[in-house]
Amino acid sequence: MTRTTHQLWHFHGGLKLPGEKHQSTGTPIARTELPRQLVIPVHQHIGETGKVLVNIGDRVLKGQALTQPTAYVSAPVHAPTSGTVKDIAEYPAPHPSRLSTLCVVIEADGKDEWIQLESRADYKKMSPADLRNLVRHAGIVGLGGAAFPTSVKLNPGPGHQIKTLIINGAECEPYITCDDMLMRERADEVISGAEIISHALNTAHCLIAVENNKPEAIAALNTAISDAGVDYIDVVAIPTIYPTGGEKQLIKVLTNKEVPSDGLPADIGIVMQNVGTAAAIYRAVFHGQPLISRIVTVTGKGITQPQNMEVLIGTPMSALIEQACGYQENADRLIMGGPMMGFTMHCDSLPVTKGCNCLLVETADQHSDENNAMPCIRCGECARVCPVSLLPQQLYWHASSKNFDQVQDYNLFDCIECGCCAYVCPSHIPLVQYYRFAKTEIWNRERDQQKSDHARIRHDFRQARLDKEKREREERLRKKKDMLEKKKQAEAADKNETEEDPKKAAIAAALARVQDKKAKAADAPKNTDNLTAAQQKQVDEANKRRETE
Amino acid sequence: MSILIAVVTLSVIAALFGLLLGYASIKFRVEGDPVVEKIDALLPQTQCGQCSFPGCRPYAEAIASGEAPINLCPPGGETTMLALADLLGVEPVALDDEHDTEPTKTVVVIDEQTCIGCTLCIQACPVDAILGAAKQMHTVIADECTGCNLCIPPCPVDCIHITPVKVEPDTWRWPLPEQNFAAPRA
């Protein structure tokens with residue numbers, strides 16, 4: 001039952017935008033033809049890239065996991081149809097950087113043959129952890145556009161009792177109607193999904209928020225709730241103000257609570273999931289199907305037949321455009337996402353990813369050229385419409401002059417990039433681009449800082465190791481030297497003992513001999529005594545000769 | 001008499017404060033130079049020596065003692081120079097013309113076919129980012145490489161090459177919008 005009495009609040013600012021939604025709600029969700037070739041980017045979510053499990057040439061079945069998550073915040077991708085892995089290489093990805101990322105290319109064999117599917121309709125017997133694991137391996141990520149792994153959000157952590165689950169069907173951005181059509185046509189899936197999430201979070205209260213410009217969706221949800229006979233799910237019609245579908249804005253509208261600046265909704269006992277995510281969880285649990293397709297709105301003034309279609313992940317965007325009967329003559333640019341937060345795509349051969357909720361084709365007269373920007377006149381309109389109560393003008397000044405510390409002082413990272421400020425700017429300044437520039441620049445600096453801190457640790461460690469090695473070498477050398485010295489001394493001492501004795505003995509012997517000789521000489525008869533006169537004369541003569549010579 | 005009292009009182013107070021200050025200067029003595037730590041934290045830690053000092057810390061010490069200007073770090077580029085100017089409260093100094101204000105990040109790669117396993121590059125690497133052993137093939141651990149290029153000169157077979165670090169969508173940076181304001185339309 002819709003509680004008409006549900007009290008609602010307002011968030012700051014916001015805009016009433018022309019909806020432009022009727023263009024694509026005229027026909028039911030169409031099925032797309034199976035493309036010949038699908039290009040599945042390995043990294044389609046926030047978090048770590050998974051590890052590729054298949055090789056070129058492998059035959060894969062529909063729903064077979066192509067990657068396996070490598071970290072807690074990670075999600076696998078699955079084969080959207082059966083076929084052969086033709087290539088695993090870098091292909092252009094739908095990203096504002098226009099860079100290429102690793103993709104698995106599958107050539108469809110047309111059989112569309114499923115893997116073995118296991119239904120867990122008895123999910124109420126499963127523990128929340130098992131349920132989270134199922135959701136994780138089904139590769140389910142937030143389908144509202146952010147593509148954050150759902151299993152992580154289903155685990156609020158110990159100490160966080162979730163009081164309210166909010167299913168977000170606001171879909172506040174103009175043109176986009178994929179959630180609207182999903183709720184109209186598959187309200188039962190959304191309700192079942194909400195029940196499963198409630199079970200996983202052990203929550204007794206669930207709100208489904210839908211903007212009041214979608215009466216058909218609200219009616220369909222109410223019918224599905226009464227059919228299912230659940231009493232804890234309420235559908236709440238909320239005023240149509242952009243960006244009421246933002247997580248923090250919707251929480252404020254429904255509960256008057258504000259999520260802390262650097263906190264999560266779980267901190268205040270709330271978890272929010274998109275309606276598309278709820279339906280995907282229903283399919284994963286009840287039919288065992290991983291996330292291999294999503295509903296995409298193909299719309300805009302540049303499209304011949306705007307409509308919603310169920311698209312396999314990896315289908316080229318051009319195939320969708322073709323199915324919508326192609327571009328109008330005045331089509332000017334292709335945007336992935338809505339007119340406020342979407343990114344311009346540089347070509348239409350890019351694959352549809354899990355986060356791609358809308359392909360919008362604008363005509364040349366619809367958008368102002370960025371080069372038409374004029375200087376800021378400090379009118380303050382941007383601050384009036386900012387749904388986060390920031391000061392967009394201050395952010396702009398500091399971002400454009402690269403004062404990254406100040407721009408953070410003004411809470412840049414609370415900016416949700418909704419584009420309200422740029423929309424109302426009379427000078428047509430592309431404000432959000434400045435914020436995105438500052439954010440990515442600050443992240444880059446943080447990465448650099450981490451890297452240099454890491455390098456410092458490694459350098460210091462190396463230095464310490466080299467010093468230690470040097471000390472040890474010196475120590476070894478010193479020890480060796482000492483040992484040599486000692487050895488030398490010992491040897492010398494040995495020598496002294498053995499060499500000095502004979503010397504002394506020899507000296508003593510020599511002395512003894514001399515003394516002996518002296519004594520003998522003293523004893524011996526002297527041949528100069530008792531000489532005759534002639535002999536004396538001869539001796540004298542000889543002496544005289546010796547002297548004269 | 002009253003003059004004497006005043007002189008004595010003041011002298012006693014002066015002596016007390018002197019003792020207090022003397023005690024404080026010993027008790028709260030700061031080990032090392034905290035400015036060097038702060039400067040070192042801002043430097044990119046490539047240890048490349050392009051500043052003519054043998055590593056980032058010696059350069060930080062030289063800046064702290066006023067011996068070196070703040071614009072000698074090519075890997076840090078303008079960002080590091082501005083951060084240093086901000087920290088030290090000095091005027092920013094322009095970088096040399098030959099160095100980019102925003103240097104591209106690079107790492108080195110060893111051509112493993114040509115490597116002879118001489119270990120000279122391993123000894124040159126300041127962050128132990130090269131793996132190998134004597135007469136065995138060497139390789140660079142790209143995640144640890146700081147791009148200092150110190151391993152290139154010692155290589156006897158010139159098998160070490162500089163490659164730019166690949167920009168992934170996750171590390172890609174939005175460009176700053178151009179501010180060429182159009183003339184107001186009449």
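## Around helix H10 of chain A

Just after H10(A), A:Lys402 takes a positive phi of about 60°. This is a predicted model, and the angle is read from its atoms. Most residues other than glycine have a negative phi. A:Lys402 is therefore worth finding on the backbone, right after the end of H10(A).

Is H10(A) enclosed or open? Of its 9 residues, 7 are buried, so the rest of the structure largely encloses this helix. The buried residues are A:Pro392, A:Gln393, A:Leu395, A:Tyr396, A:His398, A:Ala399 and A:Ser400. H10 spans residues 392-400 of chain A, and it supplies at least two residues of the side that touches chain B.

## Other backbone features

Two loops beside strand S7 of chain A hold a positive phi. A:Arg98 is in the loop between strand S6 (83-92) and S7. Its phi is about 60°, although A:Arg98 is not a glycine. A:Asp112 lies in the loop between S7 and helix H1 (128-137) of chain A. A:Asp112 has a positive phi of about 55° and is not a glycine either. Its relative accessible area is 30%, so A:Asp112 counts as partly exposed.

Which two residues does a cis peptide bond join? They are A:Tyr242 and A:Pro243, with omega about -5°. Most peptide bonds are trans. A:Pro243 sits in the loop between strand S10 (233-238) and helix H6 (247-255) of chain A.

## A buried asparagine

Now turn to strand S13 of chain A, residues 307-312, which holds A:Asn308. Its relative accessibility is 0%, so A:Asn308 counts as buried. What does its side chain reach at 3.2 Å? The partner is the backbone oxygen of A:Ser24. The side chain of A:Asn308 also makes a polar contact of 2.7 Å with the side chain of A:Thr177.

More neighbours surround A:Asn308. Beyond four places in sequence, its contacts include A:Pro28, A:Ile29, A:Ala30, A:Cys178 and A:Met181. A:Ile295, A:Val296 and A:Thr297 are also in contact with A:Asn308.

## Where chain A meets chain B

How many residues of each chain are in contact? The count is 40 in chain A and 38 in chain B. The area buried between the chains is about 3,400 Å². Carbon and sulfur atoms give 52% of that area. Three arginines stand out. A:Arg456, A:Arg458 and A:Arg462 supply 17% of the area that chain A buries against chain B, more than any other three residues.

Charged and polar pairs also cross the interface. There are 7 salt bridges between the chains. In one of them, the side chains of A:Arg456 and B:Asp40 meet at 3.4 Å, N to O. Polar contacts join 17 residue pairs across the interface, with both residues at pLDDT 80 or more. On the chain A side, strand S7 (100-108), H10 and helix H13 (431-523) each supply at least two residues. H13(A) gives the most, with 20 residues.

## A nonpolar patch on chain B

Chain B carries a nonpolar surface patch of about 770 Å². Which residues make this patch? They are B:Met1, B:Leu4, B:Ile5, B:Val8, B:Val12, B:Leu16 and B:Leu19.

B:Leu16 belongs to helix H1 of chain B, residues 2-27. Its relative accessibility is 55%, so B:Leu16 counts as exposed. The numbering of the patch residues is worth a look. An α-helix has 3.6 residues a turn, so residues three or four places apart point the same way.

Technical notes: Residues are numbered from 1 along each chain as its sequence is written. Chains are lettered from A and ligands numbered from 1 in the order in which they are written. This is a predicted model: local features need pLDDT of at least 70, side-chain atom pairs count only at pLDDT 80 or more; totals for chains, interfaces and linings use all residues. Side-chain values use heavy atoms; hydrogens and water are left out. Patches are made of residues with over 30% relative accessible area and no salt bridge: like charges are joined within 9 Å, nonpolar side chains (Val, Leu, Ile, Met, Phe, Trp, Tyr) within 5 Å. Accessible areas come from the Shrake-Rupley method with a 1.4 Å probe; for residues, only the protein chains shown count as cover. A salt bridge is a side-chain nitrogen of Lys or Arg within 4 Å of a carboxyl oxygen of Asp or Glu. Helices (H or I, at least four residues) and strands (E, at least two) are DSSP runs, numbered from the N terminus. Buried means under 20% relative accessible area, exposed over 50%, partly exposed in between (1.4 Å probe, protein chains only). Contact means heavy atoms within 4.5 Å. Buried area is the accessible area (1.4 Å probe) that two parts lose on being put together, summed over both. A polar contact is a pair of N or O atoms within 3.5 Å; within protein, one must be able to donate a hydrogen and the other to accept it, and residues adjacent in sequence count only if both atoms are side-chain atoms.
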